Structures are given as structure tokens and as C-alpha cells.
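The exercises below are meant to be worked through with the sequence and the structure side by side. Try each task before reading the solution that follows it.

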Amino acid sequence: MRGNRDSQKSAGKWIIRIELIVLLAFVCAAVSRELRDRSVRQTGQDEEMAGGWTSENGEAIEVSATGNYIKWVEFHATCEALAAAYEMDVASCQEEVHVNWIELLAYVGAKHGGKFDRNSVREIEAAAGELRGKETTMEKLTEDMEYYEYYLEAYTAVLSGMVGEFSLMEDGKWKRYYGLKAFSPIAKGFDYSHYDDFGSSRSYGYSRPHLGHDMMGQIGSPIIAIESGVVEALGWNQYGGWRIGIRSFDGKRYYYYAHLRQNYPYAEGLKQGDVVTAGDVIGYMGHTGYSTKENVNNIETVHLHWGLQLIFDESQKEGNNEIWIDCFELTKFLYRNRSEAAKVGDTREWRRVQEMQDPAVEKHCKKDTPMIQ
């Protein structure tokens with residue numbers, strides 16, 4: 001009988017311990033939620049915290065008590081939504097109310113927590129119609145949207161260099177336009193295939209997610225500068241092979257082009273520090289990489305890997321705080337603007353057919369030109 005009583009006492013003690021552990025877990029969770037909510041409230045009240053927004057599911061940004069810049073971005077705008085917002089922007093560019101395509105996308109993003117679906121196009125067109133008809137303003141449309149400013153800043157970082165004024169050489173004269181001045185990364189007339197492979201597993205060197213977009217094609221296909229900018233990196237990388245890194249003039253976007261052609265990876269004369277104009281030929285498709293030895297074809301499939309990194313603070317350029325976005329839908333959207341290239345004589349070189357002047361290039365070059373005393 002005594003043995004049974006001891007067993008019952010022992011079991012009772014374990015039950016009490018388990019109940020205490022469960023209670024403690026609930027208390028800790030409650031405290032954690034309160035601290036997190038308090039942090040969000042305090043951050044939202046701090047006018048100096050430019051990056052102090054968070055989504056309901058915590059995916060959009062990490063709230064930091066010390067940082068004042070965006071820590072994370074997920075870009076899920078569909079090709080159809082991008083096209084609808086872009087067309088509303090261009091259609092209204094000479095009207096009294098010129099709607100901004102990035103603001104339209106941020107409006108839908110904030111409304112649905114960054115998600116875009118088949119209804120997004122209708123919402124974009126409806127909002128643009130109200131704005132153009134002066135029935136409302138973007139300030140009124142978004143006044144109750146807690147995270148609109150976050151989405152606006154995030155989407156501006158992704159898209160701000162892609163639409164604007166530019167000039168094309170036509171019949172010996174420069175003709176000015178307003179519209180899409182960013183290009184597909186593969187020249188017009190060169191076939192490719194692709195699918196959404198962002199985040200898929202990679203194992204060379206170490207296990208890691210795929211942080212770019214692969215476009216499979218033929219060796220030597222001309223690779224095009226998507227946006228105007230400065231060549232920040234050029235040379236061999238054991239993961240990317242022969243690669244090019246181009247930084248936008250505002251410093252927010254870093255375009256990464258990898259696995260370029262063996263023996264002849266780059267456009268002739270291209271070097272680090274050069275300024276390139278959107279639509280320029282910058283290199284050629286190949287399958288170099290996955291080797292510490294230079295100029296090695298260790299990639300099985302010929303393709304271009306291109307990636308878009310967002311940089312809100314220079315500490316995010318390299319390391320564990322890098323922000324890379326899924327470029328699949330953006331690539332589909334950019335298909336509407338492909339730069340045509342022509343072969344230069346009997347060489348392996350290709351050059352763009354139609355010259356373009358980008359005011360952003362002119363502004364950057366003027367800024368960096370030293371004044372003569």
C-alpha cells in the first residue's frame with residue numbers, strides 16, 4: 001500500500017511540475033507579445049524611424065530599436081499588376097493629375113498585406129480612375145492604411161529607376177519619350193526559357209537558397225543592362241563565374257548578372273567604374289562558375305542568373321542582412337521592352353541598335369564631373 005501511495009505522490013508532483021511549466025510558457029508568450037506590440041507602437045510613434053513599420057504576419061520588416069531603415073522586403077506584385085499600374089501612369093503623364101504607378105502598387109500592397117491576385121488589376125484601375133477624375137487623392141485613399149508608407153518606400157526602392165523620361169535616336173534626331181526605360185536582361189530576338197526558381201536549394205560550397213532568377217538560353221546571347229548605373233563589380237566569383245554587378249544611381253538597387261561566357265564574358269572595354277545606360281550590351285550568356293579556378297564551365301545549363309538586391313543601408317550590401325527579391329514577375333513585365341542588338345562585323349561583339357539618352361545618366365555624369373577653376 002505504501003508503494004502505491006509513494007507512486008501516487010510522485011505522479012502528483014510530476015503533474016504539478018507540468019502544469020507549472022505550461023503556465024510559465026503562457027506567461028512568457030504573453031510578455032513576449034506585449035513587448036513586441038509595445039515596440040511596434042513606440043516605433044510607429046517615432047518620426048525618425050523611417051523603417052519602423054511591420055506587417056501583421058511579421059514578414060515585411062523587422063522592427064529594430066536601433067535601426068532606422070528597412071530590414072526586409074518581399075515583392076509579390078504580379079506582371080499583370082505591374083502592367084496595369086504602368087499603363088495608368090503613362091496614360092496620365094500629360095494630365096493635370098499624373099498618377100504614379102509605384103503609389104498604385106503600394107496602395108494595393110498595403111491593402112492586402114503585400115499580396116496580389118486576380119482582383120489587383122481592377123483595384124489599380126479603379127483607384128487610378130478616381131485619382132484622375134479628382135474624386136479623391138492618394139492621401140485620402142491611404143489615410144487609414146497603417147503600412148502604406150512602408151510599402152511605398154519598399155516598392156520605390158525596387159522600381160524607381162524604371163519609368164521616366166528618355167530620348168531615342170530616330171532619323172538622325174533625338175526624340176523625347178516618357179515610359180518604360182528599363183529593359184529585359186536578354187537582347188531582343190534571343191530565345192530563353194524560365195520559371196520561378198527563387199528560393200530553391202543550392203548546394204555548391206554550402207547549402208543556401210537561390211537568390212536570383214535564372215533564364216536559360218544559348219551561349220553568347222547578349223546580356224543587357226536592365227537599368228542605367230555604375231559598374232560596381234566585374235570579374236570572377238567562384239559561385240557566379242564571370243559576373244557583373246551594377247549599382248543604380250540612387251544606390252538602392254544592385255543588379256547582379258552571373259555565369260557569363262567563358263573566354264569572352266564582357267562587352268569590349270567594359271570595366272569597373274564605368275557608367276552604363278539601360279539597354280546597353282554588357283556581356284554574354286554562358287555557364288561559368290562553381291569553381292575557385294577562373295574561366296571554368298562548371299555549371300551544367302547555359303543560363304543567365306540575374307538578381308536584384310535592395311540596399312537601404314550600406315551595412316546590407318554584404319553579409320547576413322542582404323535583401324534579394326523574387327524577380328520572376330518583374331522579368332515577365334520587362335519582356336515588353338527588349339533592346340535590339342546587332343553583331344559587330346566578324347567579331348564576337350554585339351552592340352545595341354537604337355541609342356538612348358537617359359537623363360539619370362546625364363545627371364550622374366554632371367554631378368561627378370569636377371569643376372574647372
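**Exercise 1.** How many bridges join strand E1 to strand E2, and do the two run parallel or antiparallel?

*Solution.* Keep in mind throughout that this is a predicted model. Begin by locating strand E1 at residues 163-170 and strand E2 at residues 173-180; the two run antiparallel and are joined by eight bridges. Next, pick out one bridge as an example: Gly164 has Gly179 in E2 as its bridge partner. Finally, look at the connection, where two residues lie between the strands of this hairpin, and where Asp171 in the turn has a positive phi of about 55°.

**Exercise 2.** Find Ile219, and decide whether Ile219 is buried or exposed.

*Solution.* First, place the residue: Ile219 lies in the loop between strand E5 (213-216) and strand E6 (222-224). Then compare its relative accessible area with the cut-off, which is over 50% for an exposed residue; because the value for Ile219 is 51%, Ile219 counts as exposed. As a last step, look for partners beyond the neighbours within four places in sequence, and you will find that Ile219 is in contact with Arg261, Met285, His287 and Val302. Of these, Arg261 is 42 residues from Ile219 in sequence, while their C-alpha atoms are 6.7 Å apart in space.

**Exercise 3.** Which residues are linked with Glu232 in a network of salt bridges?

*Solution.* Start with the pair formed by Glu232 and Arg247, whose closest N and O atoms are 2.9 Å apart. This pair links strand E7, which holds Glu232, to strand E8 (residues 241-247), which holds Arg247, across 15 residues. Now turn to Lys317, whose side chain also meets that of Glu232 in a salt bridge, at 3.6 Å from N to O. Here the partners are 85 residues apart, with Lys317 in the loop between strand E12 (303-310) and strand E13 (323-324). Adding Glu314 completes the answer, since the network links Glu232, Arg247, Glu314 and Lys317. To judge exposure, recall that buried means under 20% relative accessible area: Arg247 at 9% is therefore buried, Lys317 at 14% is buried as well, and Glu232 at 30% counts as partly exposed.

**Exercise 4.** Which residues touch the most other members of the largest nonpolar core?

*Solution.* Among the 89 residues of this core, the answer is Trp101, Leu104, Leu105, Leu159, Tyr257, Trp306 and Phe333. Helix H6 (residues 148-159) contributes the largest share, nine residues. Then follow Phe333, which, leaving aside its neighbours within four places in sequence, is in contact with residues including Cys79, Tyr86 and Trp101.

Terms used. Residues numbered from 1 in each chain as written. Predicted model: local features only at pLDDT ≥ 70, side-chain atom pairs only at ≥ 80, totals over all residues. Heavy atoms only, no water. Core = buried A, V, L, I, M, F, W, Y, C linked by side-chain atoms within 4.5 Å. Buried < 20%, exposed > 50% of the residue type's maximum accessible area, 1.4 Å probe, protein only. Helix = DSSP H or I, 4+ residues; strand = E, 2+ residues; numbered from the N terminus. Contact = heavy atoms within 4.5 Å. Pairing = 2+ DSSP bridges. Salt bridge = Lys/Arg side-chain N within 4 Å of Asp/Glu carboxyl O.
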